[in-house]
Amino acid sequence: MTIPDKLLGALRDAQQVCVLTGSGISAESGVPTFREAQTGLWEQYDPHELATPDAFQRDPALVWRWYRWRRELVASVEPNAGHHALVKLAGLVPALTIITQNVDGLHQRAGSDKVIEFHGNLFENRCFVEGCAVTDADMSAEVPVCTGCGAMLRPGVVWFGESIPEAAMHAAESAVHGCDLFFSIGTSSLVWPAAGFAEAARQQGASVVEINLDATPLSSQADFCLQGKSGTLLPELVNCLTVK
Ligand code: NAD
């Protein structure tokens with residue numbers, strides 16, 4: 001695909017770039033998105049039925065088995081060309097902040113430093129009752145427990161139906177508020193409140209760019225819509241910016 005000259009111009013003029021990423025950017029690393037079927041022994045489960053507080057209370061051992069499987073999977077993969085291109089892009093513009101809905105840590109492993117983990121981190125553990133971070137638990141237990149109060153531990157991610165932690169919400173809102181160019185990459189634009197950031201950015205004058213394999217509810221509103229894989233399009237974008 002040819003990257004539109006107007007988009008390259010907008011990138012050259014941009015003072016603050018804000019990038020929202022979703023699970024699509026990690027798909028080419030081998031991390032399945034939630035809209036794809038789960039693989040192997042998890043294929044009979046719907047992630048929307050596992051990643052909720054109710055599911056956890058119903059069957060914490062099952063939810064922990066799923067998270068252990070996801071931790072092992074993510075630990076065994078590497079950041080892809082899309083993650084690496086965002087590191088390069090950050091070096092080509094005055095300021096770039098990533099808001100990621102992903103919990104896999106792949107942006108940080110690629111070398112991105114300004115990353116807001118909007119939905120938490122897969123490898124962290126929190127007390128299910130008090131919400132505090134716990135780092136010294138016995139993780140070999142089927143359902144690990146909080147070393148402080150003995151309640152069940154849960155993965156440190158934001159589940160469906162839960163609120164975004166205040167600090168992440170505040171940091172994301174200020175990144176959106178200050179940007180003049182907004183990217184929505186590999187996200188279905190269906191999961192709120194992150195799905196509202198593109199419109200918020202647009203309303204305060206930012207140009208909006210979508211990079212996705214498929215059309216989403218954002219596609220018709222975006223100023224630029226690049227349809228294809230982020231692992232191909234982002235390196236192409238960075239390449240055009242450096243050579244043209
Ligand atoms: P989603 O599963 O709802 O949508 C993924 C989007 O990525 C789709 O629109 C799809 O068309 C697009 N896509 C797939 N492959 C792509 C590629 N190679 N290049 C560009 N686009 C591609 O994901 P979501 O919008 O992030 O929301 C689901 C929730 O599940 C989020 O909270 C997310 O954090 C979480 N989740 C995270 C991970 C992860 O950390 N890697 C994995 C699965 C789900």
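The C-alpha centres of domain 1 and domain 2 lie 28 Å apart in this predicted model. Neither domain boundary set was drawn by hand; the bounds come from an automatic or database assignment. Domain 1 is assembled from three segments, 1-31, 79-119 and 163-244. Domain 2 comprises 32-76 and 125-157.

The contact between the two domains was examined next. On the side of domain 1, 12 residues take part, and they meet 11 residues of domain 2. About 780 Å² is buried between domain 1 and domain 2. Carbon and sulfur atoms contribute 60% of that area. By class, the residues of domain 1 that touch domain 2 are five nonpolar, five polar and two charged. Despite the two charged residues on that side, zero salt bridges are found across the interface of domain 1 and domain 2. Polar contact between the domains amounts to one residue pair, with both residues at pLDDT 80 or more.

Aromatic side chains were then considered. The structure holds nine aromatic pairs. One of them joins tryptophan 42 and tyrosine 45, with ring centres 5.2 Å apart. The planes of tryptophan 42 and tyrosine 45 are at 50°, and the pair is tilted. The two partners differ in burial. Tryptophan 42 has a relative accessible area of 4%, so this residue counts as buried, the limit being under 20%. Tyrosine 45 is at 30% relative accessibility and therefore counts as partly exposed, between the limits of 20% and 50%. Another aromatic pair is formed by phenylalanine 118 and phenylalanine 197. Their centres are 5.4 Å apart, and the angle between the planes is 65°. This pair of phenylalanines is edge-to-face, because its angle is over 60 degrees.

Terms used
Residues are numbered from 1 along each chain as its sequence is written. This is a predicted model: local features need pLDDT of at least 70, side-chain atom pairs count only at pLDDT 80 or more; totals for chains, interfaces and linings use all residues. Side-chain values use heavy atoms; hydrogens and water are left out. Contact means heavy atoms within 4.5 Å. Buried area is the accessible area (1.4 Å probe) that two parts lose on being put together, summed over both. A salt bridge is a side-chain nitrogen of Lys or Arg within 4 Å of a carboxyl oxygen of Asp or Glu. A polar contact is a pair of N or O atoms within 3.5 Å; within protein, one must be able to donate a hydrogen and the other to accept it, and residues adjacent in sequence count only if both atoms are side-chain atoms. Ala, Val, Leu, Ile, Met, Phe, Trp, Tyr, Cys and Pro count as nonpolar, Asp, Glu, Lys and Arg as charged, and the others, Gly among them, as polar. Rings of Phe, Tyr and Trp (its six-membered ring) pair if their centres lie within 6.5 Å; planes under 30 degrees apart count as stacked, over 60 as edge-to-face and the rest as tilted. Buried means under 20% relative accessible area, exposed over 50%, partly exposed in between (1.4 Å probe, protein chains only).
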